[in-house]
Amino acid sequence: MNNDTSEKAAPHVLPFLPYADNALDPVISANTIGFHYGKHHKGYVENLNKLVAGTEFANLTLEQIIAQTAGKADKSAIFNNAAQTWNHTFYWHSLKPKGGGEPPAVLKKKIEISFGTLDACKKELATAAMAQFGSGWVWLVLNGDTLEVTKTANAEVPMTAGLKPLLTIDVWEHAYYLDYQNRRADYVSAILDKLINWEFALQNAS
Ligand code: MN
C-alpha cells in the first residue's frame, strides 16, 4: 500500500478520510459515511487494539498482523479486525469525488491487454460484486503482470493468495443499505461510473 495508507504498529489509529464526509454524495451519502467510517471502520480499529494488547502482535504493523494470522482459526478475531481495518482504508482510497471516467493512459492500456476493453473490466467487477454471496469485497488485482478481478468473503484479503490489490469495492450490506437498500447492483454501478479512483489503482500497480 502506498504511503498515504501505510500503517504503523499499535495503537492503530483510524486514518483520516481522504475527503469530506459528504464529498461522495449523492452516490454515497454522508449518512452512510457516518456509520460506515465513523462506526464500522472505527470499531474494527478499536477492537484490533484491544485484541493485540499484550500479545505477540502488539508491536507489529497491520500488514504483518494480517500475514501472520491469516488462515489460523485460533487467531480469527485478530485477523478479521486487522483485515477489516486495512480493507476499509484501502476502500476509502479506492473512491474519490468525481471519480470514474477514463483511467490514466498507462492503466487503460493494462486494462485493455487483460480484459479487452474498459467496459469489459467494469462489467467483470460488477458481475463479481453480484456473485459474492453475503458479505465481502470485490477487487481489481495484479496476478503477476496480469490484471484480474477477484472477490473475497467477509474480511479476507487478496494478498494471502499472492495477489496485489489495486482497488476494492466493499459489498457488505452496511456499505450501501442506507442509500440503496437491497440494490447492490445499483451501488456498484454508480461507484464504477462516478467514484472509482483509477489513479489510486495505477499507484498501487507501479
Ligand atoms: Mn465496510
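Colleague: Which residue stands opposite leucine 140 in E3?
Modeller: In this predicted model, leucine 140 faces leucine 167 of E3. Elsewhere along E3, lysine 164 serves as the bridge partner of leucine 142.

Colleague: What makes E1 and E3 a pair of strands?
Modeller: Two strands pair if at least two bridges are found between them. Strand E1 (residues 136-143) and E3 have six bridges, in the antiparallel sense; the condition is therefore met.

Colleague: Why are E2 and E3 said to stand at the edges of the sheet?
Modeller: The sheet is open and has three strands in the order E2-E1-E3, with antiparallel pairing. Strand E2 (146-153) and strand E3 (164-170) each have a single partner strand, so one side of each lacks a neighbour in the sheet. On average, neighbouring strands here are turned by 25° against each other, direction ignored.

Colleague: Which helices pack on this sheet?
Modeller: Helix H4 (residues 105-115) touches E1 and E2, and its direction makes about 80° with that of E2. Helix H8 (residues 198-205) touches E1 and E3, its direction making about 150° with that of E3.

Colleague: What makes E3 largely enclosed by the rest of the structure?
Modeller: Six of the seven residues of E3 are buried, so the strand is largely enclosed. E3 is also among the elements against which the buried residues of H7 pack; the others are helix H3 (76-94), helix H5 (118-131) and helix H6 (177-180). The buried residues of helix H7 (residues 184-194) are Arg184, Tyr187, Val188, Ala190, Ile191 and Leu192.

Colleague: Why are four protein residues called donors of the manganese ion?
Modeller: For this metal, a donor is an N, O or S atom within 2.8 Å. His36 (NE2), His88 (NE2), Asp170 (OD) and His174 (NE2) lie 2.0 to 2.2 Å from the ion, so they qualify as donors. Their spacing along the chain is H-x51-H-x81-D-x3-H. Aspartate 170 and histidine 174 are both buried.

Colleague: Why is leucine 60 called buried?
Modeller: The term requires a relative accessible area under 20%. Leucine 60 has 16%, so the term applies. This residue is placed in the loop between helix H1 (30-52) and helix H2 (62-69).

Colleague: With which residues is leucine 60 in contact, leaving aside neighbours within four places in sequence?
Modeller: Leucine 60 contacts Lys8, Ala9, Ala10, His12, Ile65 and Gln68. Contact here means heavy atoms within 4.5 Å. Lysine 151 is 91 residues from leucine 60 along the chain, and 27 Å separate their C-alpha atoms.

Colleague: How do you know that domain 1 and domain 2 meet?
Modeller: The domain assignment gives domain 1 as 30-94 and domain 2 as 105-205. Heavy atoms within 4.5 Å count as a contact, and 19 residues of domain 1 are in contact with 26 residues of domain 2. The domain centres, taken over C-alpha atoms, are 20 Å apart.

Colleague: How much area is buried between domain 1 and domain 2?
Modeller: The area is about 1700 Å², with 67% given by carbon and sulfur atoms. In domain 1, Phe90, Tyr91 and Ser94 lose the most area to domain 2, together 32% of what that side buries.

Notes: Residues are numbered from 1 along each chain as its sequence is written. This is a predicted model: local features need pLDDT of at least 70, side-chain atom pairs count only at pLDDT 80 or more; totals for chains, interfaces and linings use all residues. Side-chain values use heavy atoms; hydrogens and water are left out. Donors are N, O and S atoms within 2.8 Å of the metal (3.2 Å for Na, K and Ca); water is not among the atoms, so sites may look incomplete. Buried means under 20% relative accessible area, exposed over 50%, partly exposed in between (1.4 Å probe, protein chains only). Helices (H or I, at least four residues) and strands (E, at least two) are DSSP runs, numbered from the N terminus. Axes are lines fitted to C-alpha atoms, for helices over the stretch in contact, and angles run from 0 to 180 degrees between N-to-C directions. Domain bounds come from an automatic or database domain assignment. Buried area is the accessible area (1.4 Å probe) that two parts lose on being put together, summed over both.
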